[in-house]
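Me: I have a model open and would like to talk it through with you. Could you go over it with me, starting from the surface and working inwards?

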Amino acid sequence: MSIFEQVNNGIKEAMKAHDKGRLEALRGIKAEFLIIKTAPGNNGEVSDENALKVLVRMAKQRKESAQIYIDQNRQDLADVELLQASVIEEFLPKQMTDEELTAHITAIISQVGATSMKDMGKVMGIATKQLAGRAEGRAVSAKVKELLSTNN
């Protein structure tokens, strides 16, 4: 079952359960998916790859918004954003641990033959594609820098 179908089923379940917070989050996800679906070149389809990109972006936005609300002592609004982030993350693959990330990036570095920071672009190009949805871009970038700088 595609992520789009999972979200649609989640909307039905949330409506039956009268879960307003979850329903709102799922409708937000579906709205983003419909934008992708109707975009030129997508043939009315939402691929799981595109869906993952959208979900990662949405989860990141919700977490950043929640942090801003917390900084401004608006826990009520932060709770709404955190609830939505948790619903969005249910559709994302399990995030990689630091050890898994290190192992994966080390394999990419040896595959590409990277030896210095000059090769960071090559490594990042492959890593971002392979790790999409499974690790944050910031964490991937930091790990690539760390591993390439220790190779010198």
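Me: How much area does the chain expose, and what share of it do carbon and sulfur atoms supply?
Reply: The chain exposes about 9,300 Å², and carbon and sulfur atoms supply 53% of that area, where accessible areas come from the Shrake-Rupley method with a 1.4 Å probe and, for residues, only the protein chains shown count as cover. Please keep in mind that this is a predicted model, in which local features need pLDDT of at least 70 and side-chain atom pairs count only at pLDDT 80 or more, while totals for chains, interfaces and linings use all residues. Residues are numbered from 1 along each chain as its sequence is written, and side-chain values use heavy atoms, with hydrogens and water left out.

Me: And what share of the residues count as buried?
Reply: Of the 152 residues, 34% count as buried, with buried meaning under 20% relative accessible area, exposed over 50% and partly exposed in between (1.4 Å probe, protein chains only).

Me: How many helices and strands are there?
Reply: The chain has seven helices and zero strands, taken as DSSP runs numbered from the N terminus (helices are H or I with at least four residues, strands are E with at least two).

Me: Which residues have the most contacts inside the largest nonpolar core?
Reply: That core has 22 residues, and those with the most contacts inside it are Ile3, Val7, Leu26, Ile29, Phe33, Leu55 and Phe91; a nonpolar core here is a set of buried Ala, Val, Leu, Ile, Met, Phe, Trp, Tyr and Cys residues joined through side-chain atoms within 4.5 Å. Two or more residues each come from helix H1 (3–17), helix H2 (20–38), helix H3 (48–71) and helix H4 (75–89). Apart from this core lies another one of 16 residues, among them Leu101, Ile105, Leu131 and Val144.

Me: What does Leu26 touch, leaving out residues up to four places away in sequence?
Reply: Leu26 touches Val7, Gly10, Ile11, Ala14, Val87 and Phe91 on that basis, a contact meaning heavy atoms within 4.5 Å.

Me: Now the aromatics: how many pairs does the count come to?
Reply: The count comes to one aromatic pair, using rings of Phe, Tyr and Trp (its six-membered ring) whose centres lie within 6.5 Å, with planes under 30 degrees apart counted as stacked, over 60 as edge-to-face and the rest as tilted. The rings of Phe4 and Phe33 have their centres 6.1 Å apart and their planes at 40°, so the pair is tilted. It links distant parts of the chain, with Phe4 in helix H1 and Phe33 in helix H2, 29 residues apart.

Me: Is Phe33 buried or exposed?
Reply: Phe33 counts as buried because its relative accessibility is 0%, and Phe4 also counts as buried, at 13%.

Me: What about Ala51, which residues does it touch?
Reply: Not counting residues up to four places away in sequence, Ala51 touches Ile3, Phe33 and Val46. Ala51 is in helix H3 and counts as buried at 1% relative accessibility.

Me: Is Glu81 buried or exposed?
Reply: Glu81 is buried, with a relative accessible area of 16%, and its place is in helix H4. Leaving aside neighbours within four places in sequence, Glu81 is in contact with Arg62, Ser65, Ala66 and Tyr69.

Me: Last topic, backbone angles: what is phi of His18 near?
Reply: Phi of His18 is near 55°, a positive value in a residue other than glycine, and His18 is found in the loop between H1 and H2. Asn73 has a positive phi of about 60° although it is not a glycine, and Asn73 lies in the loop between H3 and H4.
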